[in-house]
Amino acid sequence: MTMAATFLAAEGESPLIPHAYELVVGSFAFLVVFLVVGKILTPRIQKTLAERTEAIEGGIKKAEDAQAEAQRTLEQYRAQLAEARQEAARLREEAREQGAAIKAELREEAQAEARRIIEAAHAQIEADRQQAFTQLRGEIGRLSTELASRIVGESLEDEVRQRRIVDRFLEELEGRPEAVR
């Protein structure tokens, strides 16, 4: 046997059951530790835990607030983007309409200018026709008078008579149907 076992066997007491003074000292030490832990350490631990909880909850609240602010900012950005797209579409449509209006106005001006040029050309043609008709009438008169003078054998130099004969001749020509001409 060992020495501890021999010593205990000599005393006659059980090693599992403590002595009474050990129970008193142990109970007193337990009470001191319980009071120190209960009165001093527990409130400090609870205070530290509460501060940590508040800090964590505050951090979560700040993160939620920041996320909500980011979401609001994102919605504002999207709304501004949609508004900018609508404005761009409106500006494109206005530009398209203005382009069409300018195009129509230019087309109308060109058509008016073309009509004016055509009318001026018609007027010029009519003036040229009248001038040619007058010249031709004079030439026909001169040739008719000359021909008539040769046929008749006498001079038809009288201007008034000559003009009367030519006018009568041309009126007769104008009175004939178109097929004869």
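**Figure 1. Phe 30 and Phe 34 are both exposed in this predicted model.** The two residues belong to helix α2, where four residues, or about one turn of the helix, separate them. A search of the whole structure gives one aromatic pair. That pair is formed by Phe 30 and Phe 34 and is stacked, with 6.1 Å from centre to centre and 20 degrees between the planes. A pair of aromatic rings is described by the distance of the centres and the angle of the planes.

**Figure 2. The whole protein has three helices and zero strands.** From the N terminus on, the order of elements is α-α-α. Helix α2 covers residues 20-152. The protein contains 181 residues, and buried residues make up 4% of them. Its accessible surface is about 16000 Å², and carbon and sulfur atoms account for 61% of that surface.

**Figure 3. Residues 20-42 are listed by UniProt as "transmembrane region".** The listing comes from an unreviewed entry. In the model, the chain over residues 20-42 is 100% helix and 0% strand. The C-alpha atoms at the two ends of this segment are 31 Å apart.

**Figure 4. A nonpolar surface patch of about 770 Å² includes Val 37.** Phe 28, Val 32, Val 33 and Val 36 are among the other residues that make the patch. Ile 40, Leu 41, Ile 45 and Leu 49 also contribute to the patch. Val 37 is located in helix α2. The relative accessible area of Val 37 is 35%, so this residue counts as partly exposed. A residue needs over 30% relative accessible area to be part of a patch, and Val 37 has 35%.

**Figure 5. Arg 78 and Glu 75 form a salt bridge.** The closest N and O atoms of this bridge are 3.7 Å apart. A distance within 4 Å is required for a salt bridge. Arg 78 and Glu 75 are separated by about one helical turn because they are three residues apart in helix α2. Arg 78 has a relative accessible area of 46% and is therefore partly exposed. Glu 75 is also partly exposed, at 39% relative accessibility. Across the whole structure, a search finds eight salt bridges.

**Figure 6. Arg 90 and Glu 94 are linked by a salt bridge in helix α2.** In this bridge, 2.3 Å separates the closest N and O atoms. The two residues are four residues apart in the helix, about one turn. Arg 90 is partly exposed, with 38% relative accessibility. Glu 94 is likewise partly exposed, its relative accessible area being 31%.

**Figure 7. Glu 93 and Arg 96 form a salt bridge, and a network joins other charged residues.** Between Glu 93 and Arg 96, the closest N and O atoms are 2.9 Å apart. Both residues lie in helix α2, with a spacing of three residues, or about one turn of the helix. Glu 93, at 35% relative accessibility, counts as partly exposed, whereas Arg 96 is exposed, with a relative accessible area of 52%. Exposed requires a value over 50%, so Arg 96 at 52% falls in that class. Glu 87, Arg 90 and Glu 94 are joined into one network by salt bridges that share partners.

How values were computed:
Residues numbered from 1 in each chain as written. Predicted model: local features only at pLDDT ≥ 70, side-chain atom pairs only at ≥ 80, totals over all residues. Heavy atoms only, no water. Buried < 20%, exposed > 50% of the residue type's maximum accessible area, 1.4 Å probe, protein only. Areas by Shrake-Rupley, 256 points an atom, 1.4 Å probe, with all protein chains shown as cover. UniProt positions renumbered as here; feature names shortened; annotations may be inferred. Patch = residues over 30% accessible without salt bridge, like charges linked within 9 Å, V, L, I, M, F, W, Y side chains within 5 Å. Salt bridge = Lys/Arg side-chain N within 4 Å of Asp/Glu carboxyl O. Phe/Tyr/Trp six-rings, centres within 6.5 Å; stacked < 30°, edge-to-face > 60°.
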